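Biologist: I should like to go through this protein with you and to learn what stands behind each term.

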Amino acid sequence: MQMTTSPNANQLVTPKHMVKFYGVAPSTLWRWIKEGHVPEPIRIGRRTYWEWGVIEQHLKRLRQQAN
């Protein structure tokens with residue numbers, strides 16, 4: 001799944017997209033998940049995804065806490 005624009009809220013994004021979005025190594029993404037800095041992904045079969053709306057809500061909460 002190649003993203004040229006921001007995904008919509010209901011779209012599922014892959015770990016590859018999340019790594020690119022955050023600009024971190026895959027190991028950092030998984031560490032952040034384990035430490036609770038990034039929402040847990042959902043698993044469909046053997047694949048891992050995040051619902052983009054959940055990520056947007058998480059970022060919004062982080063921005064509010066920073067203010």
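**Helix H1 and its surroundings**

Modeller: The cover over the buried residues of H1 includes strand E1 (12-13), helix H2 (26-35), strand E3 (47-51) and helix H3 (52-66); contact here means heavy atoms within 4.5 Å. This is a predicted model, in which local features need pLDDT of at least 70, side-chain atom pairs count only at pLDDT 80 or more, and totals for chains, interfaces and linings use all residues. Residues are numbered from 1 along each chain as its sequence is written, and side-chain values use heavy atoms, with hydrogens and water left out.

Biologist: Which residues of helix H1 are called buried?

Modeller: Buried means under 20% relative accessible area (exposed is over 50%, partly exposed in between; 1.4 Å probe, protein chains only). In H1 (residues 15-22), Pro15, His17, Met18 and Val19 are buried. Across the protein, buried residues make up 34% of the 67 residues.

Biologist: What makes a segment a helix or a strand?

Modeller: Both are DSSP runs numbered from the N terminus: helices are H or I with at least four residues, strands are E with at least two. On that basis the protein has three helices and three strands, in the order β-α-α-β-β-α along the sequence.

Biologist: Why is the protein called as compact as a globular protein of that length?

Modeller: The radius of gyration is taken over C-alpha atoms, and the globule rule is 2.2 Å times the number of residues to the power 0.38. The protein has a radius of gyration of 12 Å, close to the 11 Å that the rule gives for 67 residues, so the description applies.
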